[in-house]
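This report is meant to be read beside the sequence and the structure. Please keep both in view while going through the sections that follow.

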2 protein chains.
Amino acid sequence: MDKKKKKPTIYDVAKHAGVSITTVSRILNAPNKVNSGTWERVIASIDALGYVPKAEARARAMQKNGRIGVITPFFTAPSFVQRLRGIAGALSPMNFELVIYTVDSTNHLQRYLSTLPLTGNLDGLIIISLPVGDLDASRLIDHGLPTVLIEYPHPNLNCVEIDDVQGGRMAATYLLKKGHRRIAFLGDTDLPEYSIHPVSLRLSGFRQVLKESGIDLPHTLVRLAPYSQEQTRQAARELLSLAEPPTAIFAATDFQALSVLKAAHQLNVRVPEQLAVIGFDDLDMAEYADLTTIGQHLDESGKLAVEILLTQMESSSPLPRHVQIPLNIIERKTA
Amino acid sequence: MDKKKKKPTIYDVAKHAGVSITTVSRILNAPNKVNSGTWERVIASIDALGYVPKAEARARAMQKNGRIGVITPFFTAPSFVQRLRGIAGALSPMNFELVIYTVDSTNHLQRYLSTLPLTGNLDGLIIISLPVGDLDASRLIDHGLPTVLIEYPHPNLNCVEIDDVQGGRMAATYLLKKGHRRIAFLGDTDLPEYSIHPVSLRLSGFRQVLKESGIDLPHTLVRLAPYSQEQTRQAARELLSLAEPPTAIFAATDFQALSVLKAAHQLNVRVPEQLAVIGFDDLDMAEYADLTTIGQHLDESGKLAVEILLTQMESSSPLPRHVQIPLNIIERKTA
DNA sequence: TGATAGACTGAAAGTGCTTTCAGGCAACCC
DNA sequence: GGGTTGCCTGAAAGCACTTTCAGTCTATCA
């Protein structure tokens, strides 16, 4: 099939056919300018070597088969993966290539946002759980790259939004209804601070409802721990070791709720009898752990993002769509 | 937003920002190598001029596309995701684009395998848990697309292999040592049958050891259920409802082990006292569930695949590397 | 027969970008 | 205070092609 190990270049073809690269180039671009004898000889060489002009391959990849990009925080957190799954599922039958860009620092994100719209030749972009600034937003718009954000909204871009405040309210209402009065909150701190953190919103909704019911949420019952199992567990242990430990904990994410469960288990605190635990996300794992949680339809939100994106790619209507995905409380056995 | 009618080039940007084209190029490709003051100035110029790097020129100068593809079964199964995570992690610092192709039927896979190597827009390919035939293998080789397989090996391609037989042996040995004599196996049936299924290998290793110890593994204690929670649970329930139920179950994957745990819980069977459960994979979730399991370093195997791929992309040595990843038994609380 | 238009062709000069290499500069180390 | 290290930076040399331009050759015409 081919004689050389390396991909042949136009030079190889030229040498093989005994002509100059000019001629080879012309055959590809202006075949009528070269006489048919030469043409045949060169074409034969092209076939023999399996030559594929690189630029063309690139161009073909760029415009023909659609490519849509996804920028996501490096997928440590299962919630990102579940959304990604929704995206992949929706994209797969559409014959789109899915290009993943993982981000582990704000810097990294900046770089993608400043170069991708220009260089990447993407047909569309989905950004999961990362805040984009005004400058980036207008760059995306100026360059006409259809974009959908998930979770962190921006006024000028399409968004799939989560009503975190409402989620916090739901959790509080639920726990209150179950008779809890001494309730703690456990969230994470990891994400960038220059933007409104979903966890803060969940906390504020949570706090609102408690306040409306005349219940205090003292500092001691609010913990923020980095998004790691061990540190979350430590925070949970601290809460449970208080002189007056809470009877319920609202964890800002299921990932953390699971760590709370673990800590409770270690300390022989029975769930839900002695401690109610409620999470947020409804990860796959939540079901295994019988975790009561606020579901946010992670897969669905990915799918929805794709739909919005596809719509915009076709019509390129200028006004951004903002869609709230509904939250629902999923009652299982931990609260 | 832009001043000239002509498309600006890297030279224009350089002049506008008062730096060399080298620096501009570096900003796009290796931003960490230029200090932030310069970075800001150049980015500002890029925005001011509306500069768009030409992808084609870029690919030309780089002699590569900077894209590596991953073909994976549609990621329902957490084990694929975890490997993918390893891949993404290893690729991210290397400045490669990660293109995901999800596959949900053999047909689909065939299509990718026959077109991907030809178009030449991929620099490398990783195939997760999918069997590739001889014809496809030689196409990949002929077209010089470096490829690494994970899990399903092929003699002529690089592979990251899992010693499933050994894994089965380990599980059996462990349970035997714990004193179990009536042991069941629960596996899944979903994957393509025209190739050796890892689950069968795990079963055969498992069976070997039992036989070596003179223990029978009757038909009734071997169940294969489709890879779904409900059906696995059903199978587990059946096992536990036998007149003489097993005292231990080896589940071919953690995903299924978790379902077994669930079923046991529903039937008020205490684990590990009345029933020992051991899984295979060591998913993230396994730790939460305190599941004893055979760990196969999923993240690591992804990372390893990338390393092998990168090595081959550089040296393009013709002889395929086959690497076994070590298995280890992770003793937790279910067995 | 000699002039000449026209058809082909290749050397070499771009093209827009990346990368190597070496120099400049500042901080650090006895 | 000289030597070492390490970070930034730009000049210049590629890269895989395309295009220009100056030929060479042949067929044609008076």
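## Contacts with DNA strand C

A phosphate oxygen of DNA strand C is found 2.5 Å from an N or O atom in the side chain of B:Ser25, a polar contact in the sense of a pair of N or O atoms within 3.5 Å, where within protein one must be able to donate a hydrogen and the other to accept it, and residues adjacent in sequence count only if both atoms are side-chain atoms. This is a predicted model, in which local features need pLDDT of at least 70 and side-chain atom pairs count only at pLDDT 80 or more, while totals for chains, interfaces and linings use all residues. Residues are numbered from 1 along each chain as its sequence is written, chains are lettered from A and ligands numbered from 1 in the order in which they are written, and side-chain values use heavy atoms, with hydrogens and water left out.

Backbone atoms also take part: a polar backbone atom of B:Ile10 lies 2.7 Å from a phosphate oxygen of DNA strand C, and one of A:Asn35 lies 3.3 Å from a phosphate oxygen of that strand. B:Ile10 and B:Ser25 are among the residues that come nearest to DNA strand C, out of 24 around it, a residue being near if one of its heavy atoms lies within 4 Å. The helix that gives the most to this surface is H4(B), with five residues; helices (H or I, at least four residues) and strands (E, at least two) are DSSP runs, numbered from the N terminus.

## Contacts with DNA strand D

Around DNA strand D there are 22 residues, of which A:Ile10, A:Ser25, B:Thr23, B:Thr38 and B:Arg60 come nearest. An N or O atom in the side chain of B:Thr38 is 2.6 Å from a phosphate oxygen of DNA strand D, and for the side chain of B:Ser20 the corresponding distance is 3.2 Å. The side chain of A:Tyr51 instead has an N or O atom 3.3 Å from a sugar or linking oxygen of the strand.

Of the atoms of DNA strand D within 4 Å of the protein, 50% belong to sugar or phosphate and the rest to bases. H2(A) gives the most to the surface near this strand, with five residues.

## The nonpolar cores

The largest nonpolar core has 155 residues, and those touching the most other members are A:Ile126, A:Leu175, A:Phe206, B:Ile126, B:Leu175 and B:Phe206. Such a core is a set of buried Ala, Val, Leu, Ile, Met, Phe, Trp, Tyr and Cys residues joined through side-chain atoms within 4.5 Å. A second, separate core of 38 residues includes A:Leu109, A:Tyr112, A:Ile127 and B:Leu157.

## A strand covered on both faces

Strand S10 (residues 292-295) of chain A has A:Thr292 and A:Ile294 on one side and A:Thr293 and A:Gly295 on the other, all of them buried, where buried means under 20% relative accessible area, exposed over 50% and partly exposed in between (1.4 Å probe, protein chains only).

S10(A) pairs with strand S9 (residues 276-281) in the parallel sense over four bridges, and with strand S12 (residues 328-330) in the antiparallel sense over three bridges; pairing requires that DSSP finds at least two bridges between two strands. A:Thr293 stands opposite A:Gly279, whereas A:Gly295 has A:Asn328 as its bridge partner in S12(A).
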